Amino acid sequence: STYQSNQPFKDKSVAIVGASFSALEIAADVSKSAARVVSILPSVPWVLPRWVPIIELLRNKDEEGNIASKNNEDATVTILPIDLVLYQRTKAYPQIPETTFLDPESCRTRHKNLQSMVGSKQLHSPLGEPANWDEPPFVAISDEFLDLTREQKIEVVNGRLSGIDDAGNLQIESKQQCRDGSDLMSIDDIDHVICCTGFISNLESFLSPQIIDALEYDSEDSFSPLTLAWDTLHPSSLPNMAFCGMYRGPYMGIVELQARIAAGVMNGSVSISCEEVKSALEISRSIRTATPKAQFPHFDYIGYIDTLAKLFYDDCYPIFNVNIGDVVLPSFYQANEEISEKSKQELETEFLRGQDGSRMPNIVLQSILGKWSFERYIMHLQTNKVERVYGTVNYSKYFERTSNDEEEIDGDLVGHIFKHPAKERPVLYREDGVYELSPTQKFDVFREYEYECNKDVLDIFFVEGGKRAHLFLSLKFVPETLSWNGGHNGEYWVKATSDHLCIKDLYNATFRV
């Protein structure tokens, strides 16, 4: 909560401790100014992007309404914010009872679903994927962390910080055995340590011992420190006291409903039976003692908010998005139908934006970052001679310019390191290979381009002498259905067009990406 910016850590060595949202985002931010960043993760989360493409099949039907063969299927892509993808109903309202425990099979299903959102990027990064799919998955959200680890801007250490020795070295209980055979490793030359390890409550400083005992309070428990009905009430012992958001990972929609329920119980407008309270307290205890624990006590967000809504509204609300597959928003649980209606319209607009192709350039750039191999053949039509070029391509988002000259880009003076705070960084395409004229005639070659997202267009520029030169291609992704690639590996093509004048050449082309 005290972290403000990366500037205090300029040219320093910084260790970031933690494996959740803030830890990964702060590590990515600190890497912009620090000389060295070490990310110490006690567990391996799935690192989800902020935007996710959802592919929906548009199945062709015959005259009788039967689905045609897969070879004739088309699909459409909708690119949505990650929360709209994660919070979709698996049951019609009310999605109760809330799921509070995950067996190994449920854990594996969740891991597989999260892996499908990340793709192969995490597997091929220094972080790697979670190893034990029989235990509940942990997640974090960052568009940059994995790419920064792959480009060695962030070092990854899997383990727990156990202490700091007299020399100032960090002692890490590593999950991988060290060279000396121990499971304790040391990290030296660290100037700053930023702990992103959550909050510990301090209720004992102002609540009486009798209240503390009634709540079964544990000050060391950052997961769920209190035993409460719906994490809100303990009416039998403490009828005039309620809590909101006193567990790990509360959402504002939940906190608001907790407050409404608490106020309703205290003013008598909400009636809850003793049996309901007793059952809810037992659920609270089971959540607190569950092994292994999920990342959040109420990981079933929709089940939890539906439970609270039914308790308070008695099935009057929500009135929108109550069917399987519908996206759930907190605003749908408002008694003000005008607010809910407006949210419904905005959600529909968001889906339309996700299908118009404007979000595709960023998705494409995110997906191609890293190293690739390439091979191309050049055929001389008059002689039928074939020449081959092969090698590796590296798409890098955090590149250094080869020129020593400083230049002005959007008002920001830059030298070796490309700095572009106003918009997304461009991506450098660097191709290093061998040009094979014949089996005995070979020479090394390289080529560079810069890829940059310009609103809804992906621009590709030549790079000459270490500097961006003239425009090569300008790709606009069109909102058309995608052709299914013949059924091979479930692949889909995205269509893009380019129509522009490059020096003296007029390009009017269609690309499959």
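These legends go with close-up views of a predicted model. Local features need pLDDT of at least 70 and side-chain atom pairs count only at pLDDT 80 or more, while totals for chains, interfaces and linings use all residues. Residues are numbered from 1 along each chain as its sequence is written, and side-chain values use heavy atoms, with hydrogens and water left out.

**View A. D231, a buried acid without a salt bridge.** D231 sits in the loop between helix 5 (209-214) and strand 11 (233-234); helices (H or I, at least four residues) and strands (E, at least two) are DSSP runs, numbered from the N terminus. Buried here means under 20% relative accessible area (1.4 Å probe, protein chains only). A salt bridge would take a side-chain nitrogen of Lys or Arg within 4 Å of a carboxyl oxygen of Asp or Glu, but R288, the nearest side chain of opposite charge, is 7.3 Å away. What D231 does have is a polar contact with the side chain of H298 (2.5 Å), that is, a pair of N or O atoms within 3.5 Å, one able to donate a hydrogen and the other to accept it.

**View B. E431 in strand 17 (residues 427-438).** E431 counts as buried because its relative accessibility is 6%. Its side chain makes polar contacts with the side chains of R376 (2.9 Å) and Y429 (2.5 Å).

**View C. Around W230.** Leaving out residues up to four places away in sequence, W230 touches several residues (heavy atoms within 4.5 Å), among them Q258, I272, Y304 and L311.

Notes
Buried < 20%, exposed > 50% of the residue type's maximum accessible area, 1.4 Å probe, protein only. Lys, Arg positive; Asp, Glu negative; His and termini not counted.
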